[in-house]
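Open the model in your viewer and keep the selection tool at hand. This tour goes stop by stop.

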Amino acid sequence: MPISDTFFDTLRDWSKRKIEIISKYTAAGARILKKGWYIDGFAGTGLYEDEKKGSSLVVAEIAQELKDKVSLSCLNVEEDRENYRQLVRNTCQLNPPPINLHGSFTGKIDDILEHISNDNVICFLDPFGIKGIDYSTIQKLVNRNTNENNFATDLWLRFDTKITHRLRGRNPTKTDHFKLLHQAFGINDPYRLLDLLTNCDQCDITENAVRQYLEQLKLIYQEKYGHAYTGYYPIYSLEGDYKYYLTFITKHPIAICVASDVVYSSEKQYKLDFQTYKETATNQLSLFSISEVTEKWMNLEAIKRIKDHLTMNCRRSTMPLLKIKLDLIEHGQFGKFSHRDLRKALLELKEDHFIISSSSNAYSKMDTEFTFIP
Ligand SMILES: C[S@@+](CC[C@H](N)C(=O)[O-])C[C@H]1O[C@@H](n2cnc3c(N)ncnc32)[C@H](O)[C@@H]1O
């Protein structure tokens, strides 16, 4: 039975986590941007059959809650007729009501652009597999006004890597998977695509696919804005099964920091829930609260990773906190530390005399500059 037939029966634990990340980020982003759009390009029904809320409904409720402080307009696109009907029914009572479009994300891109004009956008693309995420459609969204580049286009995308495993040993011109991959990656040459996705003896094929995909998306952002920041995060079920990656791309340094913080808080909760789940499943009793042990251990691990990175890479430099955070995110630490962990690590490095001075004692302020040992 295809996943689409049963997907909306009940909200699975990993889907719940995905929705929490998107909604927390959108709430934080809307508060910073003050005005803009949330586009849910693969919106679903808004409400699962077990009465749990989907991404489009959760965010529309946030827009309603924040409406006196910020203007967040919601626009949903749903291709399936029945899902669309339910989406309209489940969101029409909201104030402001979201705009719901029936059709495919790609088919509706011109309508979307007309609505959003030059406003800021937070977009979430949540397809089954990779069908329907067209590189050229994302290009159109990011390049929506060739003369303007002040607006934000923050993009969250569920990237399902399973397809890349099916490519190994195949003739790239003779499989339908390549058509989908070509559309998603915007790469015409099937042999180049095959090489990009499968030629990684020393690396993890799944993670490699995500990285390559983000490299392709970066080209669009770099052309438009001159730079881009990306992050990715694997979503697992409570039973420990890998599901897919949640990826993020933005032009804004603060946006990637907020996204990383949101993902970290979700990851932390996941680790605690995972331990509790394991403890319950195996009926193990512990003298200590598993959550306490896990939380403390996670903080210590994060602080150690930050310190290791900085001591290896930052000698002889002076950097503001924002740049330090961006550097960590760029070097594989997206979603793996909190702002508090970073502050703690810097304080410890000061005590260790690896940081020799700072422009202020406010160790959590983004513009505080730190000078590292020569
Ligand atoms: C994974 S579900 C979305 C779940 C939703 N984000 C949530 O959290 O509740 C994917 C949805 O996209 C719809 N869909 C599939 N292909 C589409 C396309 N090309 N454009 C728009 N919607 C599409 C499906 O019918 C389905 O409702």
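What follows is a walk through a predicted model, from its domains to its loops.

**Stop 1: the two domains**

Colour residues 3-252 as domain 1 and 271-372 as domain 2, following the domain assignment of the protein chain. Their C-alpha centres lie 29 Å apart. Now look at where the two meet. Here 6 residues of domain 1 are in contact with 7 residues of domain 2. On the domain 1 side, 4 of the touching residues are nonpolar and 2 are polar, with no charged ones.

**Stop 2: the ligand**

Select the ligand and show what surrounds it. How many residues surround the ligand? The count is 18, and the closest are Phe42, Gly44, Gly54, Ser55 and Gly132. By class, the shell around the ligand has 7 nonpolar, 7 polar and 4 charged residues. Next, highlight helix H2 (13-33) and strand S2 (71-78). Each of these supplies at least two residues of the shell.

**Stop 3: H2 against H3**

Keep H2 on screen and add helix H3, residues 55-65. The axes of H2 and H3 are 10 Å apart, and the helices pack at an angle of about 25°. H2 is therefore roughly parallel to H3. Which way does H2 pass H3, in a right-handed or a left-handed crossing? The crossing is right-handed.

Show the side chains at this contact. From H2, pick Ile19, Ile22, Ser23, Thr26 and Ala27; from H3, pick Ser55, Val58, Val59 and Ile62, which they meet. The contact of H2 with H3 has 6 nonpolar and 3 polar residues, and no charged ones. Ser55 of H3 appears in this contact, and Ser55 is also among the closest residues to the ligand.

**Stop 4: H3 against H4**

Stay on H3 and add helix H4, residues 81-91. The axes of H3 and H4 come within 10 Å and cross at roughly 25°. An angle under 35 degrees counts as roughly parallel, so H3 and H4 are roughly parallel to each other. H3 passes H4 in a right-handed crossing.

Select Ser56, Leu57 and Ala60 of H3, then Leu87, Asn90 and Thr91 of H4; these make the contact. By class, there are 3 nonpolar, 3 polar and no charged residues in it.

**Stop 5: a cis bond after H4**

Follow the chain on from H4. Pro96 sits in the loop between H4 and strand S3 (99-102). Zoom in on the peptide bond that joins Asn95 and Pro96. This bond is cis, with omega about 5°.

**Stop 6: H11 against H13**

Jump along the chain to helix H11 (residues 253-282) and helix H13 (residues 321-333). What is the angle between them? They pack at about 60°, with their axes 10 Å apart. That angle makes H11 oblique to H13. The crossing of H11 and H13 is left-handed.

Bring up the residues that meet here: Pro253, Ile256, Cys257 and Ser260 in H11, and Leu322, Lys325, Leu326 and Ile329 in H13. By class, the contact has 6 nonpolar, 1 polar and 1 charged residues.

**Stop 7: Arg316**

Finish in a loop. Select Arg316, between helix H12 (290-313) and strand S8 (318-320). Check its backbone angles. Phi of Arg316 is near 65°, a positive value in a residue other than glycine.

Technical notes: Residues numbered from 1 in each chain as written. Predicted model: local features only at pLDDT ≥ 70, side-chain atom pairs only at ≥ 80, totals over all residues. Axes fitted to C-alpha atoms, helices over the stretch in contact; angles between N-to-C directions. Helix = DSSP H or I, 4+ residues; strand = E, 2+ residues; numbered from the N terminus. Parallel < 35°, antiparallel > 145°, perpendicular 65-115°, else oblique. Left-handed = near helix turned anticlockwise from the far one by under 90°. Contact = placed C-beta atoms within 7 Å. Nonpolar A, V, L, I, M, F, W, Y, C, P; charged D, E, K, R; others polar. Near = placed C-beta within 6 Å. Domains from an automatic or database assignment.
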